[in-house]
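Welcome to this short briefing. Please keep the sequence and the 3D view open beside you as you read, and look up each residue as it comes along.

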Amino acid sequence: MRAKATWVDGRMFVGESGSGHSVVMDGAPEAGGRNAGIRPMEMLLIGLAGCTAFDVVHILERGREAVTQCTVEVDADRAETDPKVFTRIRLRYRIAGRNLARAKVERAISLSAEKYCSASIMLGATAEITHEIELADEG
């Protein structure tokens with residue numbers, strides 16, 4: 001994998017992935033930014049949410065579960081002093097489908113957290129990560 005960040009001005013950067021996608025990152029005005037993009041540390045949380053959601057949907061579909069929706073919300077706390085690493089991360093999975101088996105959803109989340117989600121495993125080195133599940137049955 002490859003990526004790069006190119007400085008635009010102030011605290012704004014354009015991040016580019018090796019697969020050809022771009023995103024604007026910027027800082028808060030009090031840090032010299034213009035609040036015109038996602039903060040770099042927010043990008044880490046978005047990456048975590050996407051990584052685990054990808055795993056969970058993939059595992060459920062392979063298990064022939066009729067999942068129709070998956071959203072992962074993330075709340076995180078950071079250390080107060082530099083480096084301001086994440087110290088606590090709460091993942092809330094909102095999953096919907098037809099006749100989903102809760103045990104299979106729980107197993108998919110556990111497999112993601114313990115085996116497949118690289119982002120979760122890396123961030124778990126400094127942060128306590130917890131998981132909540134909200135299931136909605138669509139029939």
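**A first contact to find**

Arg88 and Glu128 form a salt bridge, with their closest N and O atoms 4.0 Å apart. This pair links distant parts of the chain, since Arg88 sits in strand β5 and Glu128 in strand β6 (residues 128–137), 40 residues apart. Please bear in mind that the model is predicted. The notes below start with the overall layout, then return to the charged pairs and finish with some backbone details.

**Overall layout**

- The chain has 3 helices and 6 strands.
- If you walk along the sequence, you meet these elements in the pattern β-β-β-α-β-β-α-α-β.
- The C-alpha trace spans about 50 × 35 × 25 Å along its principal axes.
- The chain has 139 residues, and 29% of them count as buried.

**Two helices that cross**

- Helix α1 covers residues 40–62 and helix α2 covers residues 102–116; their axes come within 9 Å and cross at roughly 130°.
- That angle makes α1 oblique to α2.
- Which hand does the crossing of α1 and α2 have? The crossing is right-handed.

**Salt bridges between strands**

- How many salt bridges does the structure hold? There are 10 of them.
- As a general point, side chains of opposite charge can pair when their charged atoms come close.
- In the pair that opened this briefing, Arg88 is partly exposed, at 32% relative accessibility.
- Its partner Glu128 has a relative accessible area of 47%, so Glu128 is partly exposed as well.
- Asp75 pairs with Arg92 in another salt bridge, where the closest N and O atoms are 3.5 Å apart.
- Asp75 belongs to strand β4 (residues 66–78) and Arg92 to strand β5 (residues 86–98), so this salt bridge ties together parts that are 17 residues apart in sequence.
- Asp75 has a relative accessibility of 33% and therefore counts as partly exposed.
- Arg92 also forms a salt bridge with Glu132, and here the closest N and O atoms are 3.3 Å apart.
- Because Glu132 lies in strand β6 and Arg92 in strand β5, the pair ties together parts that are 40 residues apart in sequence.
- Is Glu132 partly exposed or buried? Glu132 is partly exposed, with a relative accessible area of 39%.
- Which residues do salt bridges with shared partners join into one network? The members are Glu73, Asp75, Arg92, Arg94, Glu132 and Glu134.

**Around the aromatic rings**

- The structure holds 0 aromatic pairs.
- A charged side chain does meet a ring, though: Arg78 lies over the face of Phe86, at 5.9 Å from the ring centre.

**Asp77 and a neighbour from elsewhere in the sequence**

- Asp77 is another residue of strand β4.
- At 33% relative accessibility, Asp77 counts as partly exposed.
- Asp77 and Ala127 are 50 residues apart along the chain, and their C-alpha atoms are separated by 8.7 Å.

**Backbone details to look at**

- For background, most residues other than glycine have a negative phi, and most peptide bonds are trans.
- Which two residues does a cis peptide bond join? The bond runs between Asp82 and Pro83, with omega at about -5°.
- Pro83 is placed in the loop between β4 and β5.
- Asn35 has a phi near 60°, a positive value in a residue other than glycine.
- You will find Asn35 in the loop between β3 (22–25) and α1.
- Asn35 has a relative accessible area of 47%, so Asn35 is partly exposed.
- Asn99 likewise has a positive phi, near 55°, and is a residue other than glycine.
- The loop that holds Asn99 is the one between β5 and α2.
- Why does Asn99 count as exposed? Its relative accessibility is 55%, and the cut-off for exposed is over 50%.

How values were computed. Residues numbered from 1 in each chain as written. Predicted model: local features only at pLDDT ≥ 70, side-chain atom pairs only at ≥ 80, totals over all residues. Heavy atoms only, no water. Salt bridge = Lys/Arg side-chain N within 4 Å of Asp/Glu carboxyl O. Helix = DSSP H or I, 4+ residues; strand = E, 2+ residues; numbered from the N terminus. Buried < 20%, exposed > 50% of the residue type's maximum accessible area, 1.4 Å probe, protein only. Phe/Tyr/Trp six-rings, centres within 6.5 Å; stacked < 30°, edge-to-face > 60°. Lys NZ or Arg CZ within 6 Å of the ring centre and 35° of its normal. Axes fitted to C-alpha atoms, helices over the stretch in contact; angles between N-to-C directions. Parallel < 35°, antiparallel > 145°, perpendicular 65-115°, else oblique. Left-handed = near helix turned anticlockwise from the far one by under 90°.
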